[in-house]
Amino acid sequence: MKNKILFILALLFGLMFANAGLNKFLNYMPMPEEMPEALLKDFQALMEISWLLPLVGLAELIGGILVIIPRTRALGALILFPVMVGILLVNTVVDTSGFVIALVLAVILGWIMFENRHKYRPIFQ
């Protein structure tokens with residue numbers, strides 16, 4: 001039962017990040033019209049560095065796809081970890097309106113990483 005729940009959560013998690021990564025390349029989801037000033041400044045700064053947004057989009061796309069596949073889930077979680085740290089920082093420091101969603105995503109990623117902890121042991125030896 002626990003494995004089925006984890007698979008469903010990992011599938012939704014991976015699809016969400018793959019969708020976010022694709023959106024960075026294809027721009028099919030519109031930006032909200034009303035955004036806090038601090039968040040708007042952060043997005044403008046992100047757009048100034050021309051290679052950063054495609055890099056984040058590629059990491060989200062590849063990491064999302066890898067998280068969906070059970071055999072590569074641990075690698076996908078490692079790829080998405082720094083992206084998730086950035087999401088949590090933005091939602092705690094800049095704009096707290098999406099904090100609950102970011103926290104839920106962080107918990108799912110934490111669970112995925114906890115379930116794959118045996119695969120990470122060689123990194124720390």
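This report describes the helices, largest pocket, salt bridges and nonpolar surface patch of a predicted model.

Residues are numbered from 1 along each chain as its sequence is written, and side-chain values use heavy atoms, with hydrogens and water left out. Because the model is predicted, local features need pLDDT of at least 70 and side-chain atom pairs count only at pLDDT 80 or more, whereas totals for chains, interfaces and linings use all residues.

**Largest pocket**

The largest pocket has a volume of about 1,600 Å³. A pocket is an open set of points on a 1 Å grid over the protein atoms alone, where a 1.4 Å probe fits, with protein on both sides within 12 Å along at least five of seven lines; lining residues have an atom within 4 Å of a point. Grid points are joined across faces, edges and corners, and the volume is the space filled by probe spheres set on the points.

The lining comprises 38 residues, and those nearest the centre are Lys-24, Phe-43, Glu-60, Ile-87 and Val-90. At least two lining residues come from each of H1, helix H2 (37-48), H3, helix H4 (73-94) and helix H5 (99-115); helices here are DSSP runs (H or I, at least four residues) numbered from the N terminus. H2 gives the most, with 7 residues. By class, the lining has 25 nonpolar, 8 polar and 5 charged residues, where Ala, Val, Leu, Ile, Met, Phe, Trp, Tyr, Cys and Pro count as nonpolar, Asp, Glu, Lys and Arg as charged, and the others, Gly among them, as polar.

**Salt bridges**

A salt bridge requires a side-chain nitrogen of Lys or Arg within 4 Å of a carboxyl oxygen of Asp or Glu. By this rule the count comes to 2 salt bridges, as tabulated below.

| Pair | Closest N to O distance |
|---|---|
| Lys-2 and Glu-115 | 3.4 Å |
| Glu-60 and Lys-24 | 2.9 Å |

In the pair of Glu-60 and Lys-24, Glu-60 lies in helix H3 and Lys-24 in helix H1, so that distant parts of the chain, 36 residues apart, are linked. Glu-60 is buried at a relative accessible area of 5%, while Lys-24 is partly exposed at 28%; buried means under 20% relative accessible area, exposed over 50%, and partly exposed in between (1.4 Å probe, protein chains only). Both residues also belong to those nearest the centre of the largest pocket.

Lys-2 forms its salt bridge with Glu-115. Because Lys-2 lies in helix H1 and Glu-115 in helix H5, this pair ties together parts that are 113 residues apart in sequence. Lys-2 is partly exposed, with a relative accessible area of 47%, and Glu-115 is partly exposed at 22%.

**Nonpolar surface patch**

Leu-22, Phe-25, Leu-26, Tyr-28, Met-29, Leu-58 and Ile-62 make a nonpolar surface patch of about 630 Å². Such a patch joins nonpolar side chains (Val, Leu, Ile, Met, Phe, Trp, Tyr) within 5 Å, from residues with over 30% relative accessible area and no salt bridge; areas come from the Shrake-Rupley method with a 1.4 Å probe. Helix H1 (2-26) and helix H3 (52-68) each supply at least two of these residues, and H1 gives the most, with 3. Leu-58 is found in helix H3 and is partly exposed at 41% relative accessibility.

**Individual residues**

Asn-27 lies in the loop between H1 and H2. Although Asn-27 is not a glycine, it has a positive phi of about 50 degrees, and it is exposed at 63% relative accessibility. Arg-73, in helix H4, is buried, with a relative accessible area of 7%.

Note on methods:
Patches are made of residues with over 30% relative accessible area and no salt bridge: like charges are joined within 9 Å, nonpolar side chains (Val, Leu, Ile, Met, Phe, Trp, Tyr) within 5 Å.
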